[in-house]
Amino acid sequence: MASNGRACCTPSLARKNPEAGAAGLPRRLAGAGNHSIEQVAIPAGSFVMGEGTDIANRRDGEHLTHAVYLDAFVIDATTVTNRDFARFVAATGYRTDAERWGISAVFRHQVQASREDVLGALDGMAWWVAVRGAHWRAPGGALSTVDDLLDHPVVHVSWRDAVAYCQWAGRWLPSEAQWEYASRGGLAGCRYPWGNEVTDDCGAWRCNIWQGDFPHTNLIEDGWRFTAPVEAFAPNGYGLYQTVGNVWEWCGDGFDPDYYARSPLSNPPGPPDVARRVMRGGSFLCHDSYCNRYRNAARTSNTPAASSSNIGFRTIGVRS
């Protein structure tokens, strides 16, 4: 399997948010929140974090396998949906980074916008274009809507947007270790949340990724051209849906490819003071010929203000 390191991942939009606080986060939002997503209880325990086979992306540091202990926690069974995010916005009036800046990154086949609103390719990748008016309510641009996508994952959310939601809801973004532990679903050493094969015994796809010739032809053998509803595929052994494929998921950690070599063995918090934030799980754009990161151990990153049509998030809480 080949990977060029960023092909089907996400482009970076270099920008600073003038409405952010000194720490680079949105100002805290008041309110108790109304987080109604089904919760999954993850027991305390240890697991081997990282990828110990030759499929590991060494430039990401995932080959540095190490044992990690985690306290118990609860995590969303699904990513936050458009319906969930709309409830947050209605309660707070929050505007995402993409809305404030008036632009976000859209996969070229998703674009629904006037020609003058399509501003060109990003990061040298022709399949990513900057689109004026693209944001969570209009994932393809100003001519699109989420009215028929309420049970799909919210996208075009930056790390700071995800943190703002968590502040409102009394939640947190998972640490990278928590995310991987939960994604593995109790299985040790497996590539995917369900095992080591991407299709089942009948040849049916187990997740929403790209089939065909990326980025030109998607055969849609998994049933979904772009995002899928958050419960479209079977959950893992812990009851989590679609931790791989569909959309990238923000984690709370900063990203450092060498962090695993010095990571604490108990409840690792991630490296401090870094410019990029971890994303996990891959997306509907993942394809082995370009990006094999739709795996439990795979990791990548982006800048905290970046947004695109394949980035979402799920949240955690402390187990009582």
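This passage describes a predicted model, moving from the annotated domain through a sheet, a helix and a pocket to a loop and a cavity.

The UniProt record, in an unreviewed entry, lists residues 38-316 under "domain: Sulfatase-modifying factor enzyme-like". In the predicted model, the C-alpha atoms at the two ends of residues 38-316 lie 11 Å apart, and the secondary structure of this span amounts to 13% helix and 21% strand.

An open sheet of four strands, with mixed pairing, is arranged in the order β12-β11-β10-β13. Its edges are formed by β12 (299-302) and β13 (311-312), each of which pairs on one side only. Towards one edge, β11 and β12 run antiparallel and are joined by four bridges, with arginine 277 standing opposite asparagine 302 in β12. Towards the other edge, β10 and β13 pair in the parallel sense over two bridges, and here glutamate 249 stands opposite glycine 312 in β13. Although β12 is an edge strand, both of its faces are covered, with Arg299 and Ser301 buried on one side and Thr300 and Asn302 buried on the other. Asn302 therefore counts among the buried residues of β12, and it is also the residue that faces arginine 277.

The helix α3 (159-169) is mostly covered, since 11 of its 11 residues are buried. An α-helix has 3.6 residues a turn, so residues three or four places apart point the same way. In α3, the buried residues include Trp159, Asp161, Val163, Tyr165 and Trp168, and the list also contains Arg160 and Gln167. The elements covering the buried residues of α3 include α1 (82-92) and α2 (97-101), together with the strands β10 and β11 (277-280). After α3 comes glycine 170, whose phi is positive, near 70°.

The helix α3 also takes part in the largest pocket, to whose lining α3 gives the most, with four residues. The space in this pocket comes to about 530 Å³. The pocket is lined by 25 residues, of which Trp172, Leu173, Ser175, Gly252 and Ile316 are the closest to its centre. At least two lining residues are supplied by each of α3, β10 and β14 (316-318). The strand β10 thus recurs in several settings: it belongs to the four-stranded sheet, is among the elements covering α3, and contributes to the lining of the largest pocket.

Several backbone features lie in the loops on either side of β9. Most residues other than glycine have a negative phi, and most peptide bonds are trans. Against this background, a cis peptide bond joins phenylalanine 214 and proline 215, with omega about 0°, and proline 215 is placed in the loop between β8 (212-213) and β9. The loop between β9 and β10 holds isoleucine 220, for which phi is near 55° and hence of positive sign. Glutamine 242, likewise placed in the loop between β9 and β10, has a positive phi near 50°. As regards solvent exposure, isoleucine 220 is partly exposed, with a relative accessible area of 33%, whereas glutamine 242 counts as buried because its relative accessibility is 7%, under the 20% cut-off for burial.

Next to glutamine 242 in the numbering, threonine 243 is found in the loop between β9 (217-218) and β10 (248-254). Threonine 243 is buried, because its relative accessible area is 2%, again under 20%. The side chain of threonine 243 is joined to that of serine 183 by a polar contact of 2.8 Å. When residues up to four places away in sequence are not counted, threonine 243 touches Trp179, Ser183, Pro193, Glu249, Gly281 and Arg314. Of these contacts, Glu249 is the residue that stands opposite glycine 312 in β13.

Rolling a probe the size of a water molecule over the atoms shows where empty space is left. The count of cavities of 30 Å³ or more comes to two, and about 70 Å³ of space lies in the largest cavity. The lining of the largest cavity includes Gln242 and Thr243, and also Pro193, which is in contact with threonine 243. Other residues lining the largest cavity include Trp194, Arg206, Cys207, Phe233 and Tyr241.

Notes
Residues are numbered from 1 along each chain as its sequence is written. This is a predicted model: local features need pLDDT of at least 70, side-chain atom pairs count only at pLDDT 80 or more; totals for chains, interfaces and linings use all residues. Side-chain values use heavy atoms; hydrogens and water are left out. UniProt positions are given in the numbering used here, feature names are shortened, and annotations may be inferred rather than shown by experiment. Buried means under 20% relative accessible area, exposed over 50%, partly exposed in between (1.4 Å probe, protein chains only). A polar contact is a pair of N or O atoms within 3.5 Å; within protein, one must be able to donate a hydrogen and the other to accept it, and residues adjacent in sequence count only if both atoms are side-chain atoms. Contact means heavy atoms within 4.5 Å. Two strands pair if DSSP finds at least two bridges between them. On a 1 Å grid over the protein atoms alone, a cavity is a set of points where a 1.4 Å probe fits but cannot get out, and a pocket is an open set with protein on both sides within 12 Å along at least five of seven lines; lining residues have an atom within 4 Å of a point. Grid points are joined across faces, edges and corners, and a volume is the space filled by probe spheres set on the points.
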